[in-house]
Structure formats: C-alpha cells, structure tokens
Amino acid sequence: MLDLGQPVKYPHIIDGQLVSQEDRVIERRNPATGAPLSVYGPGGKPEIDAAVQAARHAFDSGIWSDIDGMTRFRTLMRLAELVRSNSAEFARLDAAEVGKPIRVAEEDVAGAIGQVEFAASLAAGQHGDVHTNLDNDFTGLHLKEPIGVVGVIVPWNFPLLILCQKAAYALAAGCTVVVKPSEYTSASAVRLGELALKAGLPAGVFNVVTGDGHAGQLLAEHLDVDMLTFTGSTATGRRVLEASKGNLKKTSLELGGKAAQIVFADADLDDAVEGVLFGATHNQGECCVAGARLLVQESIAEDFVNRLTARAARIQVGAGESDADFGALIHEGHLQNVLDAVERARSQGGDVRLGGTRLTGPGYDGGCFVGPTIVAEVSPEMEIFNNEVFGPVLTVSTFRDANHAVELANAVEYGLGNTVWSKNIDTALTVTRNLKCGTVWINTSIDGSPQLSFGGYKASGYGREMGRLGLDEFCQTKTVQIRTGKRAGTFGLRG
C-alpha cells in the first residue's frame, strides 16, 4: 500500500502567496489503508474573498488576459513540462488520496499533461470569425474575449485530470481562476498551483483555496466571479446552480451519469467482455461516465453474462504499488452507500451474481474495498437501474432489438455517455443518433482525447470541456460591425 510518511500540511495559494491556516484543519486519510496523509485549511469567507479579489485584480489589470496568445502558449507549455518532470509525485499524491493503484494514477497524470498541452495550442491559435458577405458596405467580426474570473470546483475521483480539463482551458482563453478542490483530494491542486507560479503565471492568475462544501458555496455565490465550472453529483450541481444566481454568472455543469453499455449479438464478444468490465469498474466505478448498466441482446444474454462473471472474478483489487485493476472507494460512508444500493437491488428482485460485499483480509485491512459486483435481472423500475451508485457495480438488463435498446438507454434522467458494441456500422450509427447523451463510444469504453469535447444532456449538466469547445466555454463573443462604404439615408440607418 502507498503511504507518504508523516501527514503533509498544504496551504492555500492566494495572489502568488502560500497562505496557511492554523486555527482549524481538515485531515485526510488514505482510503486504502486508513493512514493519515494530508492536512488542509478549511477555507472560509476571508480566504475566498481574498482569492477572488486577487483573481479580479489580475484579470482587470490585463497582465494575463491582454497578453498575446503565443505568450500564453509558452507559459502553459512550461507548466505542462513542469508537471511532466514531477509526474511521479503527482501520481503518488492522487493514488494515495483517492485510493487507486499508482499505475492508474500515472495514466491520469499523463492525461492531465495532454490537456494542458492541447489547451496551450488553442491559446496560440485562438480566433473569432470574419463575415464579409453582409453587403458591400459592411464587414462583420465576432471577437472571442475571456469571460473573466472563473471559479473552478473539482471533484475527488480524478483530482489532477479534471482540474486540468477545466483550468488549463480557462487560462488558455485568458481568464484567471480560483480553484476549490475536493477536501478529500486537494494535494495535487496545491502542487499544480505552486508549479503554475514557477512556470511564470502572474500572481493572482491561479489561486487555490482548500476546504469543504462551504468554501464551494461561497465561491459559487461570490458576486465578483464571472463564471463557475463544476463537476460533481447532480444533486450538488443543483445547489451550485442556485447559489450562482446572485449575479447571473455563467455556469458549466458536468454532473452525474448512468451510462448504458449496449451489447448486440453481432459484437466481438471477447472484446465486449473486456470493454464492458473496464467501463464499469475503471477507477473503482467512481467515474461519472462509468458504464454501470449492461444492456445485452436477449439471444446472447445468458452466455455473455456467464463469460462476464467469470472474467470479473479474476479482476485484481488493490492500491498503491500493486498491479491491481482498481482500488479503494473514497471513504467509509461511500462504501456503505454502495453496499446498501446492492442490497436494495437484491430485495427488489435483482440477482447478485458476483460481489456486493466488503473485501477483508490480508491487503484489505483498514481499507474501503469492494470487489467487482454484477447484479442481473434488473428492470427499469428498480432503483439501481436509475440511480448512480458510483462504485464497481454493473447491472444487467436485456433488450429485444435496437429500438428497445435505445428506449432502455434513454429511460434514465441522465445523459452523459453510452457505449454501443456492434460490428454492424448501420446498427451502431443508427443507435448512436437516437441516444440522448453527450458522448457515444462505439466498440470502446471511457476513451477520450483532449481534442474531443465532453459534456452532458439532461440531468448530466450542460456546457462542454476539452477541445475547441472547451476553450469557447470560457469566452464571450463580441459582435463588431464595420461600415466601409458611404453612409446612406438621412440618419445613416439601415433597414
């Protein structure tokens, strides 16, 4: 298991300074071992106000927002390189605080570096639109301008990766940021803030305030924040949206999901078994796009579920330096919520084919471990079909044909992502067009690239992260109309 020795105390980063709190602290323990890891200050109104004021001053001064794109590109590329040179440390921090195997955390760090690099490239090539076909006397411009001070609220499941999906694009657009990481996983955000200063981001451009939901509430309510980007549960997202209404700040919400993995009889079933299990258990299932609902065609259902169960039983669970496939759940309360959801499914008629219990014994003592869990005979009326569990739990339902599969996939309130497993391109694309979600994977699961945007439909939120749309999210558009010909009419008015 991975522990980092004595607990490390982490400061806030406000206006380029490391700011410590001594009166009260938040203590974080490794969810895989129970060992103490980190100590944070519970930022409150003074810290949030100071950080927002610093970000406001930095933005209004133009020290970052008004510089040319190539300078922002070079600065962000220096930041990416600093993260790369410290990637082992970042992986250790996230692995320990989240409870995941370090090799999985290493993949997250590599993804975070890619996000910063791609955002940097967009900063270099940021552009608006020119319209030359208005009529002979006019030229029109759409100018992209940074929206201002951005509050960034980051969840605990992918601490560095999701932070970079948000903050790197905000910075590339010319915004300044105040980051509020999860109280469970703040270490990598603080370290990134320190490296941002080292990379040359001016004081006040990148601020970090640690703390719990109260700090997030204060940031969401703050009248000097121009935009808020939040990733978390749908229930919390609704509260964040309510808190943000004071100054009608723009919000981007990436919320919960209940993704379906639709397996047709013509799929490569060996490939689908591996992909479905990865989609359901990646990062302990603590993933908003986890493929938690298997929808399998009736004609192959029994054989496929048998193969799936046999393969799932061989998945290795552990953390730290182990070769495990996934690790511990984030804390004791969440572990109990996951187990309770499985028990309610059992009481409602679900057939628990595998798992559904806490892992104990050598290697698991002191940790919040649940093995891969498969619940068959799940109908759309059951709670577990509709509600996000956020653990390594896969439910199984069957469908007759493509129309029935789409009906089941769309039957939940969420619309973040779904997967289609089929070797028939007509089937795959027809189903894709009818799925109400922001992302569809075909014959793969939970893949991603910085160039491709990500976001949800329905109760999974709105707004987009990553890709060019991820940059545009942090911009506002100014329309400019230029007359190049002679003024017409008595007052120069045009109909």
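In sorting lining residues by class, Ala, Val, Leu, Ile, Met, Phe, Trp, Tyr, Cys and Pro count as nonpolar, Asp, Glu, Lys and Arg as charged, and the others, Gly among them, as polar. By that scheme, the lining of the second largest cavity in this predicted model has six nonpolar, four polar and four charged residues.

**Internal cavities**

The structure holds five cavities of 30 Å³ or more, and the largest of these has a volume of about 80 Å³. Of the 13 residues that line the largest cavity, Ala290, Ala292, Glu388, Val389 and Phe390 are the closest to its centre, and the lining as a whole divides into eight nonpolar, three polar and two charged residues.

The second largest cavity encloses about 60 Å³ of space and is lined by 14 residues, of which Arg293, Ala409, Tyr414, Gly415 and Asn418 lie nearest its centre. Strand 18 (414–415) and strand 19 (417–421) each contribute at least two residues to the lining of the second largest cavity.

**Positive phi angles in loops**

Asp15 and Glu377 are set out below with their backbone angles and loop positions.

| Residue | Phi | Loop between |
|---|---|---|
| Asp15 | near 55 degrees | strand 2 (12–14) and strand 3 (17–19) |
| Glu377 | about 60 degrees | strand 16 (373–376) and helix 12 (383–386) |

Asp15 has a positive phi although it is a residue other than glycine, and Glu377 likewise is not a glycine. With a relative accessible area of 38%, Asp15 is partly exposed, whereas Glu377, at 56%, is exposed, because exposed means over 50% relative accessible area.

Terms used
Residues numbered from 1 in each chain as written. Predicted model: local features only at pLDDT ≥ 70, side-chain atom pairs only at ≥ 80, totals over all residues. Heavy atoms only, no water. Helix = DSSP H or I, 4+ residues; strand = E, 2+ residues; numbered from the N terminus. Buried < 20%, exposed > 50% of the residue type's maximum accessible area, 1.4 Å probe, protein only. 1 Å grid on protein atoms, 1.4 Å probe; cavity = no way out; pocket = protein on both sides within 12 Å on 5 of 7 lines; lining within 4 Å. Points joined across faces, edges and corners; volume = space filled by probe spheres on them.
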